[in-house]
Amino acid sequence: QVQLVESGGGLVQAGGSLRLSCAASGSIARNNPMGWYRQVPAKQRELVAAITSGGSTNYGESVKGRFTISRDNAKNTIYLQMNSLKSEDTAVYYCNSRREGAIKVDYWGQGTQVTVSS
């Protein structure tokens, strides 16, 4: 059974910090690229940050310089350190793991709410 379990969301004041974690288990390969996406009502899910098993990273424009993604391959876990949070960062954050190949398969966590009060 494939499972992505997120933790670390919550309520924080603008300018504050939060750290999200996502632990992958089951048949999710340890070398899958993983990442964080976020979604607010009536909008498409957008990329926040992604990281390969080798540590290469990619960030959404709105979070560059404020958020940092990292991973622990031994634990099959990724983290998202979010600093200088803004009210527009309020969203449900989803963990993603992508199985590459001829047929790409996306695995998703259940989502964790991040609310930034101004």
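In this predicted model, the side chains of Asp 89 and Arg 38 meet in a salt bridge, with 2.9 Å from N to O. The two partners come from distant parts of the chain, 51 residues apart. Asp 89 sits in the loop between β8 and β9 (91-99), while Arg 38 belongs to strand β4, residues 34-39. How accessible is each of the two? Asp 89 has 1% relative accessibility, so it counts as buried. Arg 38 is also buried, because its relative accessibility is 6%, and buried means under 20%.

Asp 89 is one partner of Arg 38; Glu 46 is another. The salt bridge between Arg 38 and Glu 46 has its closest N and O atoms 2.7 Å apart. Glu 46 has a relative accessible area of 36%, so it is partly exposed. Arg 66 joins the picture too: Arg 38, Glu 46, Arg 66 and Asp 89 are linked in a network of salt bridges. In general, side chains of opposite charge can pair when their charged atoms come close.

How many salt bridges does a search of the whole structure find? The search gives six. Among them is a pair formed by Asp 106 and Arg 98, whose closest N and O atoms are 2.9 Å apart. Asp 106 is partly exposed, because its relative accessibility is 32%. Arg 98 is likewise partly exposed, with a relative accessible area of 28%.

Arg 71 presents another case. This residue is found in strand β7, which covers residues 67-72. Arg 71 is buried, yet has no salt bridge. Which side chain of opposite charge is nearest to Arg 71, and how far away is it? The answer is Asp 72, at 8.1 Å. A salt bridge requires a side-chain nitrogen of Lys or Arg within 4 Å of a carboxyl oxygen of Asp or Glu, so Asp 72, 8.1 Å away, does not form one with Arg 71.

What does the side chain of Arg 71 meet instead? One polar contact, of 2.7 Å, joins it to the side chain of Asn 73. A polar atom of the Arg 71 side chain also lies 3.2 Å from the backbone oxygen of Ile 51. Leaving aside residues up to four places away in sequence, Arg 71 touches a list of residues that includes Arg 30, Asn 32, Pro 33 and Met 34. The list also includes Ile 51, Thr 52 and Ser 53, as well as Asn 76, Thr 77 and Ile 78.

Asn 76, one of the residues touched by Arg 71, is found in the loop between β7 and β8 (77-82). Is Asn 76 buried or exposed? Its relative accessibility is 5%, so Asn 76 counts as buried. With residues up to four places away in sequence again left out, the contacts of Asn 76 include Cys 22, Ala 23, Ala 24 and Ile 28. Ala 29, Arg 30, Met 34 and Arg 71 are touched by Asn 76 as well. Arg 30 and Met 34 therefore appear among the contacts of both Arg 71 and Asn 76.

Two loop residues are of interest for their backbone. Most residues other than glycine have a negative phi. Ala 42, however, has a positive phi, near 70°. Ala 42 is found in the loop between β4 and β5 (46-51), and its relative accessible area of 90% makes it exposed. Ser 84 has a positive phi as well, near 50°. The place of Ser 84 is in the loop between β8 and β9. At 41% relative accessibility, Ser 84 counts as partly exposed.

These details belong to a protein with eleven strands and zero helices. The radius of gyration is 14 Å, close to the 13 Å that the globule rule gives for 118 residues, so the protein is as compact as a globular protein of that length. Along the principal axes, the C-alpha trace spans about 45 × 30 × 25 Å. Of the 118 residues, 39% count as buried. The accessible surface comes to about 6300 Å², and carbon and sulfur atoms account for 47% of it. How many of the contacts between residues at least 6 apart in sequence join residues at least 24 apart? The share is 54%.

Definitions and conventions. Residues numbered from 1 in each chain as written. Predicted model: local features only at pLDDT ≥ 70, side-chain atom pairs only at ≥ 80, totals over all residues. Heavy atoms only, no water. Helix = DSSP H or I, 4+ residues; strand = E, 2+ residues; numbered from the N terminus. Buried < 20%, exposed > 50% of the residue type's maximum accessible area, 1.4 Å probe, protein only. Lys, Arg positive; Asp, Glu negative; His and termini not counted. Polar contact = N/O pair within 3.5 Å; in protein donor to acceptor, adjacent residues only side chain to side chain. Contact = heavy atoms within 4.5 Å. Rg over C-alpha atoms; globule rule 2.2 N^0.38 Å. Areas by Shrake-Rupley, 256 points an atom, 1.4 Å probe, with all protein chains shown as cover.
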